[in-house]
Amino acid sequence: MLNNSKPSLKPLLTAITGILLLSAQPTLLLAADSLVSEADTVADAVLGQLDLNHNSHYLVDGYGLNLADWETGDVAIDNSVTPNRVYVTDTANNRVLGWSDIKAFQTHAPADIVIGQPNFAENTANNGGVSAASLNAPSGVAVDNSGNLYVADTGNHRVLYYRLPYKSGGKLADEVFGQGGSFTSHAENNGGVTENSLSYPTGLTVDKAGNLYVADSGNNRVLEFHSPLRTTVVTGSGDTSADRVFGQLGVFSSNSANAFGATADSIYYPSDVAVDIQNNVYIVDSFNNRVLKYKKPLVTDTTADNVYGQDKLFTTVECNKGGISKRSLCYPWSVAVDANGDVYISDRSNQRILGYAKGKTRADTVLGQPNFIRHEHDVETSRKTLNGPSGLALDNANDGAKLYVSDVYNNRVLQYQPSQDEVTKEWSFKRWQPASGVLGQYLFKTSYKNDFNSRVFSFSEYDDSGSIAIDTSVTPSRVYVADTANHRVLGYNSIAAFTSQAKADLVIGQPNAYSHEANYGGLSNKSLNYPRALSVDKHGNLFVVDNGNSRVLAFNTPFTTDTTADVVLGQSGSFTTNSCNQNGISADSLCYPAGITVDSNDSVYVADLNNHRVLKYLAPLTTNVVADAVYGQGGSFTSSLCNFDGDPDIASANSFCHPLGLSVDAEDRLYVADWANNRVLAFPKDTTSASHVFGQPDLTSKACATTSADSLCHPRSVTVNSQADVFISDHANNRVLKYNSPLTTDRRADLVFGQDGHFDTGSCLAPVSASTLCGPDTVATDSDDNLYVIDSQNNRIVQFLRP
């Protein structure tokens, strides 16, 4: 967040690469102990990402924006068509997004054109190399009277021109400024500081005559190009060489900041420029904390005539000179002028927009703050607040020109609708008025980077945790996903969501798909706090392990009833308590439970993580909520020791240390992922002593051994399909292992997912693909024996068809 510090351009983040999902081919078997065929270990579909080659925390698509990571952004309105179009520089995603209808501020429709990337899912800087199709941190955008687009491609030290991008598709620029006509070079001040060079250009504008103005920020100047795309009688028109320079005393080879001190001729890091209908020019002299006005400079000179932000003085450059007020500015970033000559300045470090009546240098109105002496930036995001306001634009609507603000740290663009005075009939903005529309977010109170909705998961944000459960009580099967870090469970009414990329049909734990607060609205039968595991019984009832609230919630067929829990386990029947071991450890308590499963008789098993036990409840939806049996503590409901049976460093057939995932097979045998003991145990029906062990040579060993087909290291989850095949997520080894009918053969894995067929490797493979896994958590199977894996660090769920 900003306070009174200088805004700066941050280094680019490393972006996810990969364009097309390549089909995997079977591999020749080599060294049978370490390789298997890859044919069955390649994922077929994905939920949580747009394809199998991405793993972003939130979706990079046509809905969201990431402005905060580059601390800048801009917006332009194309007034040449009705309805108006909108262009936004999505700077950190290295692209410009376009919306064909300005109503998107109310409808939240996705962008319908992307410039600088081959599709909406990509965000790599100079994707495919520097070219007419690439962008690198674009931070300025402008549209001329004909609908042609100009983009300040800041990181490539150039400005690109796109002729009618909605007709051409906007994939290739038609002209380039700053690189000697070359689309493949991106040098700063290519050829030296001249009328043909640029250094980190930011804001730009085009006047009614087609003259282009560029804030050449790194060179501390603004360049003007006489109608560069049309040859006229004016000398210098029709080319990409600048014809006039502001801030350097008319010298194109100079780029000093305030070379002779702060004056009416100097500039220090200009960030934007605007031209009014009388051809007066306004330059945001950002690091001098002022905006300069030049009266008709194309026919006079490049010495400023008026100054905003420094109490009419050209020789001072203080942030908030004389204190924050109607007259002060602190690192302003953008300027816009309406048809009446009223001026609007984004006073960035003061978290506000100031409005000035024509000819005045003292503000008349303020947006983003309740008055002229406030500049809070750490307030709750809302319709009224701003955090790092940057680019500005105005439309030409008949019902008053609306103002558009790129609200950088909130990763959104806001629209403000003016009000009309009943007497004078003039349009104006009211002090601290709320915004009327938003792009980049679905709600005014959120500020997510990129798109956060019910198609995304944040598994990597909390202990690599998430869960999936398939409801096979209906056809088609339903899907539930525990999006742990976002404190919610999402429900999809069809398994086809893996191919349709549909949004969730149900949200449990939150009032909508766009919020993610723990215990939203207070602890209740509607709230969740890090839901950790899920299970669905044969009737379609849902069980949610609400880990952070030390409880399990049961929902009676939520798709046909509601999202309010009907039963609670672990809190003595209370929905308003959440203590670990409420009233002491007992058959009625839980302490951060982490796993759950339901058998054919509707008995529920809960992995009580911090009590190192598994509790069994006999049909709790129809009987009582007190456990009837305990695994792992020698039959005692009041014991909670890791490996209770003697030495904690020695495991046994009836002990656990931090049990996690649970599953039952067709014979109601119980399987437990005994996380800290680096093993999975199998228990015969109604028996609390294990009969089989996976991952260890015997029932007393617990080492995280050398990676092989026989070892496990911190297994998270286990599931069994209809063929009695067992799947285990070997979390620390970044793989899932398949054991073919192991209770009748052996406990040596037969197939490995996520490691290119190798049993002796365990790292996160890159780049992310249909064959990789990183931090797998929950595994599940459906009635067709398809496999589902929570690929936590890749923030996705991958589906394998009958592996």
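I take a residue as buried when its relative accessible area is under 20%. The model I am reading is a predicted one.

**Entry 1. Asn66**

I looked up Asn66 first. I found Asn66 in the loop between strand S1 (45-47) and strand S2 (75-78). Its relative accessible area is 5%, so I enter Asn66 as buried. I then listed what Asn66 touches, leaving out residues up to four places away in sequence: Asp90, Thr91, Ala92, Asn93, Asn411, Lys449 and Asn450. I also checked Asn66 against Asp451, which is 385 residues away along the chain. The C-alpha atoms of Asn66 and Asp451 are separated by 8.9 Å.

**Entry 2. Ser792**

I turned to Ser792, which sits in the loop between strand S49 (787-791) and strand S50 (796-800). Is Ser792 buried or exposed? I recorded a relative accessible area of 0%, and therefore Ser792 is buried. With residues up to four places away in sequence left out, Ser792 touches Phe459, Ser460, Asp464, Ser465, His731, Cys774, Gly775 and Pro776.

**Entry 3. Phe555**

I located Phe555 in strand S34 (residues 551-555). Phe555 has a relative accessible area of 1% and is therefore buried. Among the residues that Phe555 touches, I noted Ile508, Asn525, Leu542, Val544 and Thr563. I also compared Phe555 with His157, 398 residues apart in sequence, and found 57 Å from C-alpha to C-alpha.

**Entry 4. The two domains**

I read the chain as divided into domain 1 (45-416) and domain 2 (466-732). The C-alpha centres of these domains lie 52 Å apart. Seven residues of domain 1 are in contact with nine residues of domain 2.

How much area do domain 1 and domain 2 bury between them? I entered about 580 Å², with 60% of it on carbon and sulfur atoms. On the side of domain 1, Ala45, Leu47 and Tyr58 lose the most area to domain 2, and together they account for 69% of what that side buries.

I next looked for polar links across this boundary. I counted zero salt bridges between domain 1 and domain 2. I counted one residue pair in polar contact between the domains, with both residues at pLDDT 80 or more. I sorted the residues of domain 1 that touch domain 2 into six nonpolar, one polar and no charged.

**Entry 5. Salt bridges**

Side chains of opposite charge can pair when their charged atoms come close. My search of the whole structure returned 28 salt bridges. I examined several of them.

- I found Lys402 and Asp395 meeting through their side chains in a salt bridge, at 3.6 Å from N to O. Lys402 and Asp395 are both buried.
- I found Arg551 in a salt bridge with Asp546, where the closest N and O atoms are 2.7 Å apart. Arg551 and Asp546 are both buried.
- I found Asp608 and Arg613 joined by a salt bridge of 2.7 Å, N to O. Asp608 counts as buried because its relative accessibility is 0%. Arg613 counts as buried because its relative accessibility is 0%.
- I also recorded a network of salt bridges that links Asp463, Arg532, Arg716 and Asp777.

**Entry 6. Cis peptide bonds**

I checked the backbone for cis peptide bonds. Thr82 and Pro83 are joined by a cis peptide bond, with omega about 0 degrees. Pro83 lies in the loop between S2 and strand S3 (85-90). The peptide bond from Ala766 to Pro767 is also cis, with omega near -5 degrees. I placed Pro767 in the loop between strand S47 (751-753) and strand S48 (776-781).

**Entry 7. Positive phi**

I then looked for residues other than glycine with a positive phi. Tyr269 has phi near 55 degrees. I found Tyr269 in the loop between strand S13 (244-246) and strand S14 (270-275). Its relative accessible area is 15%, so Tyr269 is buried.

Asp686 has phi near 60 degrees, also a positive value in a residue other than glycine. I found Asp686 in the loop between strand S42 (679-683) and strand S43 (692-694). Is Asp686 buried or exposed? Its relative accessibility is 54%, so I enter Asp686 as exposed.

Key
Residues numbered from 1 in each chain as written. Predicted model: local features only at pLDDT ≥ 70, side-chain atom pairs only at ≥ 80, totals over all residues. Heavy atoms only, no water. Helix = DSSP H or I, 4+ residues; strand = E, 2+ residues; numbered from the N terminus. Buried < 20%, exposed > 50% of the residue type's maximum accessible area, 1.4 Å probe, protein only. Contact = heavy atoms within 4.5 Å. Domains from an automatic or database assignment. Buried area = accessible area lost by both parts, 1.4 Å probe. Salt bridge = Lys/Arg side-chain N within 4 Å of Asp/Glu carboxyl O. Polar contact = N/O pair within 3.5 Å; in protein donor to acceptor, adjacent residues only side chain to side chain. Nonpolar A, V, L, I, M, F, W, Y, C, P; charged D, E, K, R; others polar.
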